[in-house]
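Here are a few exercises to work through with the model open beside you. Try each task before you read its solution.

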Amino acid sequence: MIEISPEAWDLMVDHAQKSYPNECCGILIGDEQAGLRRATLAVACRNAYEGEQKDRFLIDPRDQISAERQSRELGLGVLGFFHSHPDEGAYFSQTDLKNHWPFYSNVVMSVRGGIFADAKCFRVDVDQTASEEEDLSWPKS
Amino acid sequence: MAKILIPTPLRQFTGGADTVTASGATVGELMGALLAAHPDLKKNLYNDEGKLRSFVNIYVNDEDIRYLSKEESAVADSDTVSIIPSIAGGR
Ligand SMILES: [Zn+2]
């Protein structure tokens, strides 16, 4: 289970809506205790995918380096990542499966017509052959 | 001894350590020392041909080794080497 803080959630929704009609991407930072992951900080990243970004993203590794540094300074860790699906549902695609790592919580946000619609979270198995939905809790306004 | 930053998914193979120090004049030597100390990391970082996996990025400070001299890239004791999982996708 992963719980997103209000501050982190606001940033994620804002980043997803502003990036529309392109996909956005970012990093989730926080801690984990007794199986509960709490993302207290979200970092908006540059989409470094070279080509059409309406349906693809690549997190800029330089943003990962600075997020890693920031999380260590805060005594926290990188819990996972988020990205958006413009005008598509919040599901984990085959492209997502092949390009994510195990362990991480990966939040997918559906944005329809530029407005946030839904979100789900997924974890990938070690062979990157299957994903499993993880309970996701975000502040409902 | 240069510092190697270990991403969270790989810490289970370094006894939980988030940072490992190792000696080496190049990235290749440093990674060799890292794998000698933590052999279980190997299958996660290298393919069967002994090549670095494509979804693993290695940075010396803020530079991608692909744009330096790959595994021949020089490393000084004051350098920080980061293992960065490549994260991408789409729909
Ligand atoms: Zn996706």
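**Exercise 1: a residue on strand S8**

Task: Is A:Glu132 buried or exposed?

Solution. A:Glu132 has a relative accessible area of 59%. The cut-off for exposed is over 50%, so A:Glu132 counts as exposed. Keep in mind that this is a predicted model. Next, place the residue: A:Glu132 sits in strand S8 of chain A, which covers residues 131-134. Now look at what A:Glu132 touches. Once neighbours within four places in sequence are set aside, A:Glu132 is in contact with A:Cys121, A:Phe122 and A:Arg123. Finally, try a distance check against A:Tyr20: the two residues are 112 apart in sequence, and their C-alpha atoms are 26 Å apart in space.

**Exercise 2: the zinc ion**

Task: Which protein atoms are the donors of the zinc ion, and how far from it do they lie?

Solution. Start with chain A, where the donors are NE2 of A:His83, NE2 of A:His85 and two entries for OD of A:Asp96. Then cross to chain B, which gives the O atom of B:Gly90. These donors lie 2.0 to 2.5 Å from the zinc ion. Now put two of them on their elements: A:Asp96 lies in helix H3 of chain A (residues 94-98) and B:Gly90 in strand S6 of chain B (residues 88-90), so this pair joins two chains. Last, check accessibility. A:Asp96 counts as buried, at 0% relative accessibility, and B:Gly90 is buried too, with a relative accessible area of 0%.

**Exercise 3: where chain B meets chain A**

Task: How many residues of each chain are in contact, and what area is buried between chain B and chain A?

Solution. Count first: 23 residues of chain B are in contact with 31 residues of chain A. The buried area comes to about 2,300 Å², with carbon and sulfur atoms giving 58% of it. On the chain B side, B:Ile87, B:Ala88 and B:Arg91 supply 35% of the area buried against chain A, more than any other three residues.

Task: How many salt bridges and polar residue pairs link the two chains?

Solution. There are four salt bridges between chain B and chain A. To see a salt bridge up close, go to the side chains of A:Glu88 and B:Arg91, which meet at 3.8 Å, N to O. Polar contacts come to 19 residue pairs, both residues at pLDDT 80 or more. On chain B, the elements giving two or more residues to the side that touches chain A are strand S3 (56-60), strand S5 (80-85) and S6. Sorted by class, that side has 12 nonpolar, seven polar and four charged residues.

Notes. Residues numbered from 1 in each chain as written. Chains lettered and ligands numbered in written order. Predicted model: local features only at pLDDT ≥ 70, side-chain atom pairs only at ≥ 80, totals over all residues. Heavy atoms only, no water. Donors = N, O, S within 2.8 Å, 3.2 Å for Na, K, Ca; no water. Helix = DSSP H or I, 4+ residues; strand = E, 2+ residues; numbered from the N terminus. Buried < 20%, exposed > 50% of the residue type's maximum accessible area, 1.4 Å probe, protein only. Contact = heavy atoms within 4.5 Å. Buried area = accessible area lost by both parts, 1.4 Å probe. Polar contact = N/O pair within 3.5 Å; in protein donor to acceptor, adjacent residues only side chain to side chain. Nonpolar A, V, L, I, M, F, W, Y, C, P; charged D, E, K, R; others polar.
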